[in-house]
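This report describes two sheets, the helices that lie on them, and the surroundings of a ligand. Please keep the sequence and the structure in view while reading.

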Amino acid sequence: MDKSLVAIVGRPNVGKSTLFNRIVGRRIAIVEDTAGITRDRLYAEADWNGKEFVMIDTGGLLLNDQDPLKAEVTVQAQVAMEEADVILFMVDAVIGVHPLDQEIADHLRGSTKPVIVVANKADNDYRDQDSTEFYALGFGEPFPVSALNGRSVADLLDEIVRKLPEEGKESPYPEDAIKIAIIGRPNVGKSSIINAILGEKRVIVSDIPGTTRDAIDTVFERKENTVVLIDTAGIRRAGKIQGSVEYYTVLRAVRAMERADVAMIIIDAHDGLKDGDKRVAGFAHEAGRACVIVVNKWDLVSEEDMKQYAQKLLVQIPFLSYAPLVFTSAITKMGVMDAVDTALDAASNHAMRIPTGELNRILQDAVDKHPYARKGKDLRIKYVTMTEVKPPTIVMFVNDPDLAHFSYVRYLENAIRREYAYEGTPLRLIVRKAKKERK
Ligand code: GDP
Ligand code: GDP
């Protein structure tokens, strides 16, 4: 089932990211630290009263620096209207109605999605009164909150959850279908690769229709798997809104990834790794999807050495060192089915469980081999369990979590990967304090 999406829009400084962090903060804390990528959060999973949804802070998306503020809020509103199921339109209760608020309101007026006007910085009862002036924006009763101190945020969440669609969007595919999101910067060859895959004689395209509004899905059978390719190339707005191509690239990639098991990150062999590629790669990693890196247009650089190319590339995105690399040419079809098969393997690893006994043995051995101590205290692992797959998530109960240094956790992760390759999937290791043993 696809999760519903809640977007926050508003002019700068009204408190969008403060609210975002308050709502999703708890979840974010679980995700391991990722070295080497920017950590601006624009997207995270959240839940309230058992209902799950995805939040995006559209203000946190990067726009071209030259874009005037007005263009920025316009794009925000547009993206929210297209992508979101519920829109939080945030305003500043201390300042009152601002001309840019009017601007955003004008855009949102045509929205078919529910819009909640959130009057932020209502830190006390007195300021609640002030928020009534936002009736003038034309979206009904404003909702006063304080993102900073949390006041009425729970009530706001109740309201959001009430406004979410009844059920999430039902997936039209078989439950065990493997969904591959084809992501990457414009022009790296995403559409060409999909066409090359579908043009292979062995690929029989199924007639399950794609259903989503922002991506075109293609379904086929491969090695007894139902495979769904989620294409993010389709829609281009480069001409329409200057400077926001990357904004769409990232957002579409993020949306597609939310529905996918595997992210197939396409890069252009001739261009090498650009900042945009790193961002897309970073999101794939953070989303916890299985990942495959596809180096396309290899026909243009075929004299280069693949091994050296791979090494140079992975140094630039060290957080994805678990991702296999496949070299392709959509023109000659070299490697394209290999890319699909590698993605299927990665998906299978992504769902692989290690029996608890095995897991405890592997980690205990690793600790015995290289014990870790700080300030005269030994790190001791009491118990380890795999709580989830997709991605595999391991919770370690230890005597003192402060002793579990980042680099040591990385060492333990590598110990697991030595026995279970887990190629193409991130592993999450979470360290918790073990309860006191009963005497
Ligand atoms: P954004 O640009 O819309 O994402 O706004 P930020 O979340 O960065 O917040 C802008 C400023 O407003 C920061 O200094 C926040 O600390 C402050 N702020 C955010 N929420 C509140 C609130 O509920 N009350 C008060 N008094 N200040 C807030
Ligand atoms: P997308 O924007 O990522 O979907 O990229 P397209 O599939 O539209 O491809 C962009 C351009 O790159 C087109 O002109 C393609 O013909 C070209 N292209 C795609 N794949 C390859 C390839 O493997 N080799 C070469 N030489 N050109 C390619």
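## Helices across the six-stranded sheet

In this predicted model, helix α5, made of residues 153–163, lies across β1, β2, β3, β4, β5 and β6. The direction of α5 is at about 170° to β5. Helix α3 covers residues 99–108 and lies across β1, β4 and β5. Here the angle is taken to β4 (86–92), and α3 runs at about 165° to that strand. Strand β5, which α3 also crosses, spans 115–120.

## The six-stranded sheet

What is the order of the strands that these helices cross? The sheet is open, has 6 strands and reads β2-β3-β1-β4-β5-β6, with mixed pairing. Its edge strands are β2 (43–48) and β6 (143–144), and each of them pairs on one side only.

At the β2 end, the neighbour is strand β3, residues 51–57. The two strands pair in the antiparallel sense, over 6 bridges. Within this pair, D47 stands opposite E52 in β3. As background, strands of a sheet pair through backbone hydrogen bonds, and the pairing can be parallel or antiparallel.

## From β1 to the ligand

After β1 (4–9) comes a loop that leads to α1, and N13 lies in this loop. The backbone of N13 has a positive phi of about 75°, although N13 is not a glycine. N13 is also among the closest residues to ligand 1, together with K16, S17, T18 and D123. In total, 14 residues surround ligand 1.

Which helix gives the most to this shell? Helix α1, residues 16–28, does so with 3 residues. By type, the shell residues divide into 4 nonpolar, 6 polar and 4 charged.

## Polar contacts of the ligand

Oxygen atoms of ligand 1 take part in polar contacts with both backbone and side-chain atoms. A polar backbone atom of G15 is 3.0 Å from a ligand oxygen. For S17, a polar backbone atom is 2.8 Å from an oxygen of ligand 1. K16 contributes through its side chain, where a polar atom lies 2.8 Å from an oxygen of the ligand. On its own, ligand 1 has 570 Å² of accessible area, and the protein covers 70% of that area.

## The three-stranded sheet

Another open sheet has 3 strands in the order β16-β17-β18, again with mixed pairing. Why is one side of β16 and of β18 left without a neighbour in the sheet? Strands β16 (381–388) and β18 (428–433) stand at the edges and have a single partner strand each, so one side of each stays free of a neighbour in the sheet. On average, neighbouring strands of this sheet are turned by 25° against each other, direction ignored.

Strand β17 is formed by residues 393–398 and runs antiparallel to β16, with 6 bridges joining the two. In this pairing, V384 has M396 of β17 as its bridge partner. The loop between β16 and β17 contains P391. A cis peptide bond joins K390 and P391, with omega at about 0°.

## Helices across the three-stranded sheet

Two helices can be followed over these strands. Helix α11, residues 356–369, lies across β16 and β17 and runs at about 135° to β16. Helix α12, residues 406–419, lies across β16, β17 and β18. The angle of α12 to β18 is about 125°.

Methods. Residues are numbered from 1 along each chain as its sequence is written. Chains are lettered from A and ligands numbered from 1 in the order in which they are written. This is a predicted model: local features need pLDDT of at least 70, side-chain atom pairs count only at pLDDT 80 or more; totals for chains, interfaces and linings use all residues. Side-chain values use heavy atoms; hydrogens and water are left out. Two strands pair if DSSP finds at least two bridges between them. Helices (H or I, at least four residues) and strands (E, at least two) are DSSP runs, numbered from the N terminus. Axes are lines fitted to C-alpha atoms, for helices over the stretch in contact, and angles run from 0 to 180 degrees between N-to-C directions. Contact means heavy atoms within 4.5 Å. A residue is near a molecule or strand if one of its heavy atoms lies within 4 Å of it. A polar contact is a pair of N or O atoms within 3.5 Å; within protein, one must be able to donate a hydrogen and the other to accept it, and residues adjacent in sequence count only if both atoms are side-chain atoms. Accessible areas come from the Shrake-Rupley method with a 1.4 Å probe; for residues, only the protein chains shown count as cover. Ala, Val, Leu, Ile, Met, Phe, Trp, Tyr, Cys and Pro count as nonpolar, Asp, Glu, Lys and Arg as charged, and the others, Gly among them, as polar.
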